[in-house]
Amino acid sequence: MHYVALVTVLALAEFIWFGILVSKARTRYGVPAPASTGNEMFERAFRVQMNTLEQLAVFLPALWIFAHYVSPYWAAGLGAVFIIGRAIYARSYVRDPSSRSLGFALTALPSIFMLVGILWAAVRTLLSTAG
Amino acid sequence: MHYVALVTVLALAEFIWFGILVSKARTRYGVPAPASTGNEMFERAFRVQMNTLEQLAVFLPALWIFAHYVSPYWAAGLGAVFIIGRAIYARSYVRDPSSRSLGFALTALPSIFMLVGILWAAVRTLLSTAG
Amino acid sequence: MHYVALVTVLALAEFIWFGILVSKARTRYGVPAPASTGNEMFERAFRVQMNTLEQLAVFLPALWIFAHYVSPYWAAGLGAVFIIGRAIYARSYVRDPSSRSLGFALTALPSIFMLVGILWAAVRTLLSTAG
């Protein structure tokens, strides 16, 4: 589980980094709190952070349950894809929001893959216990 | 704990579904990223997703800690109420935001009930250890 | 781990409280759902809730992994700082958003401290296993 803990720390560090970029964008593009709209470039940085928050809400529970039920090594590997995918997502979103699909897919797919894996493992176990 | 894992997967799948609805609403109502305002119908779909994210942040930790300290079966049952409540919430919010109270209550109450249960179990254990 | 469970419940209760304040601000300042902009005072309450959600996404995983790998007592103590820091943050943000730095630091630093602690513990264990 050490690799899963490492992946979690790195994914959260990446999220903190996106938060720092939002904070810098506030100053650079003149969007003081509590506003979160008004400048296109600020909104890009802000949406990167918010979308990452949405994705983490699925990714982290999926990661730990999958590591427990299926495989911690596959979990860590899929987690590494997630972290790299998020970096690509952030980079492409800030340049041009319409080019965010690849990075988005590289973070959504590992989570969906792990959810399906958990579903398969849980249903199989429940059936074998019932049988 | 298999039922709790199943409930988690289903709640996350529901959240992913709400995200897909936001993505569809972006295209349908002409709200390209990074904007998240400008069309009432898009904003309804967007707020369903965001409110679900806020609720999941309370629900998932409450679910797992309650399952561990109190009862995994009650946790799974309350989790099922949450998932159905969110579906009602999403449906009524998109139709008319002022009608969202029932669905909201059906997701907030299971979480609050579980938090109170954890509090009760934790305080009781700490007191009995001290005694 | 009982103290860690207690800290989690209190942090989530605080977050629910911020949600109730947003709900009250909707009525008080006339910002009906699905809008989340249009009144400065509403936006302050709303940003307090959203920023707390962002912080919880880092804090809760960090809290539990740190409690497991490093120390549940330190985790609970740092968690208490987080909860108090968030209360200061909310109070100062609603009064004047530009005064939010102290409360922000008191919640960000415990999380970052715990992430560094996990990183240190995980790397050390991986190296000792490899050696």
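Here a colleague quizzes a modeller about the chains of this predicted model.

Colleague: How do you know that chain A and chain C are related as by a three-fold rotation axis?

Modeller: Lay chain A on chain C and you need a turn of 120° and a shift of 0.0 Å along the axis, with an RMSD of 0.0 Å. The two copies are thus related as by a three-fold axis. In chain A, the C-alpha nearest that axis belongs to Ala57(A), at 4.3 Å.

Colleague: And what makes you say that the copies meet through different surfaces?

Modeller: Of the interface residues of chain A, only 10% are also interface residues in chain C, so the surfaces through which the copies meet are different.

Colleague: Why is Glu54(A) called buried or exposed?

Modeller: Its relative accessibility is 6%, and the cut-off for buried is under 20%. Glu54(A) therefore counts as buried. You'll find Glu54(A) in helix H2 of chain A.

Colleague: Which residues is Glu54(A) in contact with, leaving aside its neighbours within four places in sequence?

Modeller: Arg47(A) from its own chain, plus Phe15(B), Gln49(B), Met50(B) and Leu53(B).

Colleague: What is the area buried between chain A and chain B?

Modeller: About 1900 Å², and carbon and sulfur atoms give 79% of that. Glu54(A) turns up again here: together with Tyr69(A) and Leu126(A), Glu54(A) supplies 26% of the area that chain A buries against chain B, more than any other three residues. By contact, 23 residues of chain A meet 20 residues of chain B.

Colleague: How many salt bridges do you count between chain A and chain B?

Modeller: Zero. To score one, a side-chain nitrogen of Lys or Arg has to be within 4 Å of a carboxyl oxygen of Asp or Glu. Polar contact is another matter: the rule finds two residue pairs across the interface of chain A and chain B, both at pLDDT 80 or more.

Colleague: Which elements give two or more residues to the side of chain A that touches chain B?

Modeller: H2 and helix H4 (101-130) of chain A. The largest share, twelve residues, comes from H2(A). Sorted by kind, the residues on that side of chain A are 16 nonpolar, one polar and six charged.

Colleague: One last thing, away from the interface question. Where does Pro34(A) lie?

Modeller: In the loop between helix H1 (2-28) and helix H2 (40-69) of chain A. The peptide bond leading from Ala33(A) to Pro34(A) is cis, with omega near 10°. In chain B, the bond from Ala33(B) to Pro34(B) is cis too, again with omega near 10°, and Pro34(B) sits in the loop between H1 and H2 of chain B.

Definitions and conventions: Residues numbered from 1 in each chain as written. Chains lettered and ligands numbered in written order. Predicted model: local features only at pLDDT ≥ 70, side-chain atom pairs only at ≥ 80, totals over all residues. Heavy atoms only, no water. Least-squares fit on C-alpha atoms with pLDDT ≥ 70 in both. Contact = heavy atoms within 4.5 Å. Helix = DSSP H or I, 4+ residues; strand = E, 2+ residues; numbered from the N terminus. Buried < 20%, exposed > 50% of the residue type's maximum accessible area, 1.4 Å probe, protein only. Buried area = accessible area lost by both parts, 1.4 Å probe. Polar contact = N/O pair within 3.5 Å; in protein donor to acceptor, adjacent residues only side chain to side chain. Nonpolar A, V, L, I, M, F, W, Y, C, P; charged D, E, K, R; others polar.
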